[in-house]
Structures are given as C-alpha cells and as structure tokens.
Amino acid sequence: MRLLVVGRLNGQLSTAVKMAMSAGAKVSHVETIAAATHALRAGQGADLLLVDYELDIAALIAANESERIRAPVVACGVGADPQKAADAIRAGAKEFIPLPPEAELIAAVLSAVADENKPMVVRDTAMQQVIQLADQVAPSDASILITGESGSGKEVIARYVHEKSRRTGRPFISVNCAAIPENLLESELFGHEKGAFTGAVARRIGKFEEANGGTLLLDEISEMDARLQAKLLRAIQEREIDRVGSNKPVKVDIRILATSNRDLAQAVKDGTFREDLLYRLNVVNLRLPPLRERPGDIVVLAEFFVKKYAAANGMAEKPISAEAKRRLAAHRWPGNVRELENAMHRAVLLSTGPEIEEMAIRLPDGQPLAAADPGSRAAQAAANAADAVNRAFVGQTVAAMEQALIIDTLEHCLGNRTHAANILGISIRTLRNKLKEYSEAGVSVPAPQMGASAA
C-alpha cells in the first residue's frame, strides 16, 4: 500500500514510518497539510494518510474532498493525549496510533484501514481453472475483462493479476465507475487543468496518469456513459489522454483491467455499451463462477473469515461445527463471497459455545441458515462435502496432517509459495523450511507453474 506521512519526521514518527515500511508500505512524506493536498492533486497517490494529530486534520480532509480526493486518514501522536485523539477521530480520522508505536499495532491498523487482507482462498476446481488462466495471461499487457455476479471476488482476482504481472511493483489504481457521478468521472479518470470548470482551482492529475507504469482497474465499467466510453476507447487505442480543459495529449503506459456484473454483449445489443470498446477490453475474459457453482470453496472461505474476524475482534478462534458446515455448503449464497464474509463475521460475534454452531450463522434479516432437505441432491452433495472436510485427517498424526495441508494448499495455489503461505497463515520462511524438509524426505513438492511466483 502507498502511505503518505504528514508531519515533521522526528523522533517517534520516524520510528513509525520505519515500521510501516517493514510491514510492506511504500512511504512518502510531506510536512504540512497544504503540501499533502498538493501532492495528492499532482498525482502522487496514497491509499492511506498517517497524520500528526497536532495538525488540522479536519482542514486536510475538507481540502481533499473539495478536490474529490478520498484517502482514509489515521492520526498519530506522542503521549496519546485523550482529548487530542478524540478530536482527531471527530475530525474524520479512521484510527489513532499512539507514539511511541508498536510494530504489530502499525501493521494491524494499516491492514484494517486499507482493507488489503484479501488473499486468494481457492479449493474448488472451477476457481482453480480461473486462477490457472489468470496466471497464463498475467505477464502480458493484454486488457482483461473480469465478469461475474456482485460479490464474487472480481476486484480480488484483478489484484491477483496485477501482482502476477510485470507491473507488480508499480501502482494498482481502482476506479468504481458506478460510484462516481457522470459529470465527475471524466475528471476523475483523465484529470483537469486549472479553470477547466467551476471549482477547478488547480491542475488535478487523474487516475490514468496516477496509474502510469502500473495497472488501472475500471470497476463496473458497464455503468459508464456513452460519451465517456468514446474518450476511454481513444485512450486505450492511442495510449494517451487529454485532461479536461487541455488540448495537449499526455502519454500513459498502463495495463487496463475492467469488471462488470452485467452482460456486456447484451448491453451492446441494447445500445448502452460500445461494441468497439468491448472488443478492446475483452482480449481475455476471466469469468468468476458464483459461489453456488464452487461449493468446494465455501467451507474453506468460511474458516478463513472466522480466523480473520476472530483476530480483528480480539476473540479466540473457534472451529465450525459439522452441522454448520453442512448448512453453509447447502446455502445458495446469492450475495456470493461478500455475503458469506458478512455471515461469518456475525457468527464470530454471536457464537456462545466452544464451536461456531449453526444457529450463530445468520442471514442479513437475522434468520439462521435453513437446514437442507436431506433427500435433495444439493443437500446430499453439501453433506458429502462437509463430511469430507471433517473426515479428511481422521487417524493421522499431527505431522502428517500438517504435511498434507501444506502440500494440498500449495497444489491449489499452483505452486505459488507466497500465496500458499498467506492462506496457511505462516511466514514464507517457515513454508520454505517445511518444503525443504519434505523434499529431503522424498516427498513430491509442487513446483511453480504458469508463471506463478516461487518467492
């Protein structure tokens, strides 16, 4: 993530910056709130602002919003003055970090605010095929159209493609075309010159230039109006853009990814989406199956979310009961992975026993998941899947269970060590040591495939 630090870099703030860098953040620094807004306006880009609470945080947020720049703010300060911390939160800061800092707290806040904790958790064959295709096309610069129902994980797969591409060390910029009004989206994408329209008090660099050298994700592109589609088509074809209010083209070097939960071919027939733009975007199509079509992923995703939200809420992690697994696998999940995530977050909070019981897993209206009809084909398949998860390691030693889990996870990640370590919740060094131990014992260890990283 890109972290912009605002304030004087002395003493404990400097220490916090070093910890953030150790946690993987790319850090830049300015001393004043005016300099912060200027840097963001000029296209520097930031996923998070870490701001000294002695500064006027409310003025910084107001200045950014007047430029339509939205980046979350985390306040920090020496001494943890309760009044100043409370004032910072009231001014719009998402969190407060007391200084001197703790490395674990820094990492936790960065992860929570940036919401980057979205690893690829895959077990089902249908999703493995999608990942395999993503690995094949990621190293190229081809435009990719990612389609699937809302909540199925389109942005997660887009980030995965970026991380596997040659642009992985460069910016990944996402624009939600459905969330920005039509009259503002053009400026958001292409930027504007001072005086281009009322309120344009200075030059603003758009997302195309901010993503230069990296990847630009156009989320829910089907919501873009026809006039802007024509300008986007030219930008993709010519690799140059025109800021609003300027007649001087600006060259850009970016890879375009786009997502849609609508049928764009039908949108072309309906006259709401340009056919030539669809061809430009759809060089490769990654179709994400809905969660109901990948039942093998349901329980492993549920277990991942239990671990995530138990840690986030400072609670002990609990196993999911066998009956709860059966109901999870039998439910159709119309809201897909997003609905499952919310359900498991609720379950972590509502569960009262030693296991997460079926009655703790509730739908948005508060109703528990219905028990499946034991005679239905879907229920039988769900029961078999859940029972298979329960019985998989019965009678084995802990060492054998660990080895099977590591090898199985690595196979499902197509040999990607970093991805497997994230899913397993262990460090890459621990994973490498285990794999070396297995290899020396004559166990076949999956090698990286399809361009998957061996890191």
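The following exercises, each with a worked solution, concern the sheet, the nonpolar cores, an aromatic pair and a helix of this structure.

The model is predicted, so local features are given only at pLDDT of at least 70 and side-chain atom pairs only at pLDDT 80 or more, while totals for chains, interfaces and linings use all residues. Residues are numbered from 1 along each chain as its sequence is written, and side-chain values use heavy atoms, without hydrogens and water.

**Exercise 1. The sheet**

Determine the strand order of the five-stranded open sheet and state which strands stand at its edges.

Solution. Helices (H or I, at least four residues) and strands (E, at least two) are DSSP runs numbered from the N terminus; two strands pair if DSSP finds at least two bridges between them.
- Step 1. The order is β7-β8-β11-β6-β12, with parallel pairing.
- Step 2. β7 (172-176) and β12 (284-287) each have a single partner strand, so one side of each lacks a neighbour in the sheet.
- Step 3. From one strand to the next, the twist averages 20°, the angles being taken between N-to-C directions, from 0 to 180 degrees, of lines fitted to C-alpha atoms.

**Exercise 2. Strand β11**

Describe the partners of β11 and the burial of its residues.

Solution. Buried means under 20% relative accessible area, exposed over 50%, and partly exposed in between (1.4 Å probe, protein chains only).
- Step 1. Strand β8 (residues 215-219) is joined to β11 (residues 255-260) by four bridges; Leu216 stands opposite Ile256 and Leu218 opposite Ala258.
- Step 2. Strand β6 (residues 144-147) also pairs with β11 over four bridges in the parallel sense, and Thr147 stands opposite Ser260.
- Step 3. In a regular strand the side chains alternate between the two faces of the sheet. Here Arg255, Leu257 and Thr259 point one way, Ile256, Ala258 and Ser260 the other, and all are buried.

**Exercise 3. The nonpolar cores**

Identify the residues with the most contacts inside the largest nonpolar core, and the elements that contribute to this core.

Solution. A nonpolar core is a set of buried Ala, Val, Leu, Ile, Met, Phe, Trp, Tyr and Cys residues joined through side-chain atoms within 4.5 Å.
- Step 1. The largest core has 30 residues, and Leu189, Phe208, Leu216, Leu218 and Ile221 have the most contacts inside it.
- Step 2. Two or more residues each come from β7, α8 (182-190), β8, α10 (226-238), β11, α11 (264-270) and α12 (275-281); α10 gives the largest share, five residues.
- Step 3. A second, separate core has 26 residues, among them Val306, Ala343, Ala347 and Leu363.

**Exercise 4. An aromatic pair**

Classify the pair formed by Tyr53 and Phe96.

Solution. Rings of Phe, Tyr and Trp (its six-membered ring) pair if their centres lie within 6.5 Å; planes under 30 degrees apart count as stacked, over 60 as edge-to-face and the rest as tilted.
- Step 1. The centres are 5.3 Å apart and the planes 25° apart, and the pair is stacked.
- Step 2. Tyr53 lies in the loop between β3 (48-52) and α3 (57-66) and Phe96 in strand β5 (residues 95-99), so the pair ties together parts 43 residues apart in sequence.
- Step 3. Both residues, Tyr53 and Phe96, are buried.

**Exercise 5. Helix α1**

Establish which residues of α1 (residues 12-22) are buried.

Solution.
- Step 1. Leu13, Ala16, Val17 and Ala20 are buried.
- Step 2. The buried residues of α1 fall within an arc of 100° seen down its axis, so they line one face of the helix; the arc is that of the directions from the helix axis to the C-beta atoms.
- Step 3. Lys18 and Ser22, on the other side of α1, are exposed.
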